[in-house]
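These are my notebook entries on a single chain. I record what I looked up, entry by entry.

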Amino acid sequence: NDIDLETLNHINKVAKEIKKLLEEKLGCIGLSLLQNNGSAQEVKHYHLHIIPRYENDGIEFKNNIERLDPKEIYEKLK
């Protein structure tokens with residue numbers, strides 16, 4: 001929550017440049033960006049994982065969509 005928008009925008013700009021480099025040098029077909037923070041961190045900080053992706057790479061990000069009721073979420077957020 002403490003990261004300023006200028007720094008956050010710079011990180012995203014660099015991630016975009018890294019994407020081009022990964023495609024060119026590693027032949028990946030895309031990438032996943034993953035940012036996590038919170039209770040799992042001893043030293044709270046922002047970091048961004050840049051994960052090169054390949055067809056049939058076997059990487060799956062599980063989500064909780066089956067357990068979430070969109071109408072209930074909407075009611076809570078409005």
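**Entry 1: salt bridges**

I counted six salt bridges in this model, which is a predicted one. I then took up three of the pairs one by one.

I looked first at Glu72 and Lys76, whose side chains meet in a salt bridge at 3.3 Å, N to O. Both residues belong to helix α2, and because they are four residues apart there, about one helical turn separates them. I noted Glu72 as partly exposed, since its relative accessibility is 43%. Lys76 is at 64%, so I entered Lys76 as exposed.

Next I recorded the salt bridge of Glu75 with Lys78, in which the closest N and O atoms are 3.3 Å apart. Glu75 has a relative accessibility of 47% and therefore counts as partly exposed. For Lys78 I found a relative accessible area of 63%, which means exposed.

The third pair I examined is Lys25 with Glu24, where the closest N and O atoms are 3.8 Å apart. I kept this pair as a salt bridge because the cut-off is 4 Å between the side-chain nitrogen and the carboxyl oxygen. Both Lys25 and Glu24 are exposed. As background, I noted that side chains of opposite charge can pair when their charged atoms come close.

**Entry 2: Arg53 and its surroundings**

I turned to Arg53, which is placed in strand β2. Is Arg53 buried or exposed? Its relative accessible area is 17%, and a residue under 20% is buried, so I entered Arg53 as buried.

Which side chain makes a polar contact with that of Ser32? I found that of Arg53, at 2.9 Å. The side chain of Arg53 also makes a polar contact with the side chain of Asp57, at 2.7 Å.

I then listed the contacts of Arg53 beyond four places in sequence: Cys28, Ile29, Gly30, Leu31, Ser32, Ile59 and Phe61.

**Entry 3: two residues of strand β1**

From the contact list of Arg53 I followed up Ser32 and Gly30. Ser32 sits in strand β1. Its relative accessible area is 13%, so I recorded Ser32 as buried. Leaving out residues up to four places away in sequence, Ser32 touches His49, Ile50, Ile51, Arg53 and Phe61.

Gly30 is also in strand β1, which covers residues 30–35. At 14% relative accessibility, Gly30 is buried. Under the same exclusion of sequence neighbours, I found Gly30 touching Ile51, Pro52 and Arg53. I also checked Gly30 against Asn12: the two are 18 residues apart in sequence, and their C-alpha atoms are 15 Å apart.

**Entry 4: Phe61 and a surface patch**

Phe61 appears in the contact lists of Arg53 and of Ser32, and I looked up its place. Phe61 lies in the loop between β2 (48–53) and α2 (70–77). With a relative accessible area of 43%, Phe61 is partly exposed.

Which residues make the nonpolar surface patch of about 240 Å²? I found Leu34, Ile59 and Phe61. Phe61 can be part of the patch because its 43% is over the 30% relative accessible area required. Ile59, also in this patch, is among the contacts of Arg53 as well.

**Entry 5: Asn56**

I checked the backbone of Asn56 and found phi near 55°, a positive value in a residue other than glycine. Asn56 is placed in the loop between β2 and α2. Its relative accessible area of 74% means that Asn56 is exposed.

**Entry 6: Asn1**

I looked up the start of the chain. Asn1 lies in the segment before α1. Its relative accessible area is 96%, so I entered Asn1 as exposed. Asn1 and His45 are 44 residues apart in sequence, while their C-alpha atoms are 9.5 Å apart in space.

**Entry 7: confidence**

Last, I read the confidence of the model. The mean pLDDT of the chain is 85, and 94% of its residues reach 70 or more. Where is confidence lowest, and where is it highest? I found the lowest in α2, at a mean of 83, and the highest in helix α1 (residues 5–26), at 94. The salt bridge between Glu72 and Lys76 in my first entry therefore lies in α2, the element with the lowest confidence.

Methods. Residues numbered from 1 in each chain as written. Predicted model: local features only at pLDDT ≥ 70, side-chain atom pairs only at ≥ 80, totals over all residues. Heavy atoms only, no water. Patch = residues over 30% accessible without salt bridge, like charges linked within 9 Å, V, L, I, M, F, W, Y side chains within 5 Å. Areas by Shrake-Rupley, 256 points an atom, 1.4 Å probe, with all protein chains shown as cover. Helix = DSSP H or I, 4+ residues; strand = E, 2+ residues; numbered from the N terminus. Buried < 20%, exposed > 50% of the residue type's maximum accessible area, 1.4 Å probe, protein only. Polar contact = N/O pair within 3.5 Å; in protein donor to acceptor, adjacent residues only side chain to side chain. Contact = heavy atoms within 4.5 Å. pLDDT = per-residue confidence, 0-100.
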